[in-house]
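Trainee: I should like to take a close look at the aromatic rings of this protein and at the parts of the fold around them. Could you please guide me through that part step by step?

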Amino acid sequence: MNPIKSIIIASAALLLASCSSDSHDEPEVPITPVEGRTVLVYMLANSSLGITNSSLGGVSYDSLDLQEMRQGLATSGGNDGRLLVYYCPLVVTDYDPPRLIEITGEDEASDKTLKIYDYTVYSTTTGRLQEVMADMQSLAPASSYGLVFWGHGTDWLSAPAKAGISAQAYGGEYDLDNRRTTYWMDITDMASALKASTPKLDFIYFDTCLMGSVETVYELRDCAYRLVVSPTELQGTGMPYHLNIDPLMADGLDGVVTAATNTFNYYNTRQQALQITVVDTSRLDYLAATTRYLYQQPETIYIAYPTQLQAFAKASTYNDFRCHSYDFDSYVQALNPEAVVYSTWRASLDDAILYKATTAKEFNGIAINSYCGLGTFVMSSDPDHFFRGYNRLRWTQDVIPPIL
């Protein structure tokens with residue numbers, strides 16, 4: 001070794017030892033962790049969900065859910081946690097801008113406004129999402145965080161395939177001027193924004209339609225330890241918040257399973273449709289590996305006319321008039337894999353799903369005869385690699401065989 005380098009290393013070691021030996025002279029400042037969990041509901045009521053609904057007795061879905069939150073918090077006490085809502089009202093103006101509020105009691109008068117935001121910035125921009133996530137951590141610091149996305153969802157669909165069909169995924173917020181245009185956040189952008197602005201969340205609960213495909217949950221696997229999703233459309237009333245504030249704020253990661261169970265039971269006992277799934281994201285890389293291997297076995301993974309598969313969505317404007325999501329297991333079985341390959345794959349899927357439940361039909365009346373918990377896109381030919389930005393997804397890049 002160079003003698004000069006040896007002297008430098010020895011001197012550095014002596015300096016470190018000296019600093020260590022003198023450390024008792026400086027009193028240590030104890031770091032007191034903030035107890036409990038902060039849960040943020042990202043509520044986009046500047047959409048059709050914010051319009052007064054006669055079926056709800058003249059109130060809107062956001063008003064109903066906010067009151068359920070207050071009721072749930074007043075009942076549970078919050079388990080030493082805090083409940084925040086980023087609230088974007090139906091008609092966004094300088095006089096009624098988006099704001100970050102804290103729910104503290106049973107009535108609206110007890111809500112606390114923590115911050116007011118520039119009303120000209122859309123809530124579906126990644127900049128606004130990152131700003132709100134940073135504010136959550138600075139204004140309501142906690143030992144862990146959970147996030148609820150409230151609004152419209154259309155799964156991983158992004159780049160439009162046809163003129164006049166907007167890029168979608170999460171949001172549906174109205175244009176500031178004419179309310180004829182809706183704005184959305186791409187799922188890949190959402191994942192990037194969350195990873196850049198917050199430590200890994202304990203959970204993300206999608207109180208939205210259609211966010212339960214394997215493509216979407218895989219995109220978000222590094223953003224949260226647990227995901228609560230539905231691969232189908234949901235009732236407008238969404239999550240029964242008054243039943244779920246307590247489990248969402250409970251210590252550990254098991255509370256989301258309780259919350260999902262509460263949600264399913266709430267609708268099932270009322271004979272209303274619901275499909276719901278809780279995903280353990282730590283298992284998704286293995287699911288991707290087994291799926292990639294399985295997809296390499298058949299001559300083709302294309303199914304030109306997948307009408308025999310279990311559909312999770314009706315053809316509509318949001319999915320370019322085709323079903324974009326089928327039951328994952330229904331599709332894999334149609335590929336007719338070898339028994340041992342299928343059993344290994346199915347075990348990896350079941351390992352990733354902590355809870356799943358379904359009623360006999362989905363919201364629009366589709367009969368649910370097969371429900372493995374997650375949906376998937378079924379390609380019919382090479383061009384489908386690029387359908388609505390499918391090629392941009394991590395699942396496509398990591399799992400789907402490339403075009404030869």
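Mentor: What follows is an account of the aromatic rings, beginning with a small sheet and ending with the enclosed spaces.

The model is a predicted one. Let us start with the sheet. Three strands form an open sheet in the order S6-S7-S8, and their pairing is antiparallel. Strand S6 (152-153) and strand S8 (182-185) are the edge strands; each has a single partner strand, so one side of each remains without a neighbour in the sheet. Strand S7 covers residues 170-174 and pairs with S8 in the antiparallel sense over four bridges. Within this pairing, Tyr-170 stands opposite Met-185 in S8.

Tyr-170 leads us to the aromatic rings, for it belongs to a cluster linked by ring pairs. The other members of that cluster are Tyr-42, Tyr-86, Tyr-117, Phe-149 and Phe-206. How many aromatic pairs does the structure hold? There are 18 aromatic pairs. To describe a pair of aromatic rings, one gives the distance of the centres and the angle of the planes.

Consider first the pair formed by Trp-156 and Tyr-390. The ring centres of Trp-156 and Tyr-390 are 4.9 Å apart and the planes stand at 55°, so this pair is tilted. Where do the two residues lie? Trp-156 is in the loop between S6 and S7, while Tyr-390 is in the loop between strand S14 (375-376) and helix H11 (394-399). The pair therefore ties together parts that are 234 residues apart in sequence. Is Trp-156 buried or exposed? Its relative accessibility is 0%, so Trp-156 counts as buried. Tyr-390 is likewise buried, with a relative accessible area of 1%.

The second pair to examine is that of Phe-377 and Phe-387. Their ring centres lie 5.4 Å apart with the planes at 15°, and the pair is therefore stacked. Phe-377 and Phe-387 both lie in the loop between S14 and H11, so the parts that this pair ties together are 10 residues apart in sequence. Both residues are buried. Phe-387 has a further contact, because the charged end of Arg-322 sits over its ring, 4.5 Å from the centre. A similar arrangement is found at Tyr-218, where the charged end of Arg-221 sits over the ring, 3.8 Å from its centre.

Let us turn to the empty spaces. Rolling a probe the size of a water molecule over the atoms reveals where empty space is left. The count comes to three cavities of 30 Å³ or more. The largest cavity holds about 90 Å³ of space. Its lining consists of 15 residues, and Tyr-205, Asp-207, Leu-234, Thr-263 and Leu-274 lie nearest its centre. Which elements each supply at least two residues of this lining? They are strand S9 (201-207), strand S10 (224-229), helix H7 (255-268) and strand S11 (275-280). S9 gives the most, with three residues. By class, nine residues of the lining are nonpolar, five are polar and one is charged.

Conventions. Residues are numbered from 1 along each chain as its sequence is written. This is a predicted model: local features need pLDDT of at least 70, side-chain atom pairs count only at pLDDT 80 or more; totals for chains, interfaces and linings use all residues. Side-chain values use heavy atoms; hydrogens and water are left out. Two strands pair if DSSP finds at least two bridges between them. Rings of Phe, Tyr and Trp (its six-membered ring) pair if their centres lie within 6.5 Å; planes under 30 degrees apart count as stacked, over 60 as edge-to-face and the rest as tilted. Buried means under 20% relative accessible area, exposed over 50%, partly exposed in between (1.4 Å probe, protein chains only). A charge sits over a ring if NZ of Lys or CZ of Arg is within 6 Å of the ring centre and within 35 degrees of the ring normal. On a 1 Å grid over the protein atoms alone, a cavity is a set of points where a 1.4 Å probe fits but cannot get out, and a pocket is an open set with protein on both sides within 12 Å along at least five of seven lines; lining residues have an atom within 4 Å of a point. Grid points are joined across faces, edges and corners, and a volume is the space filled by probe spheres set on the points. Ala, Val, Leu, Ile, Met, Phe, Trp, Tyr, Cys and Pro count as nonpolar, Asp, Glu, Lys and Arg as charged, and the others, Gly among them, as polar.
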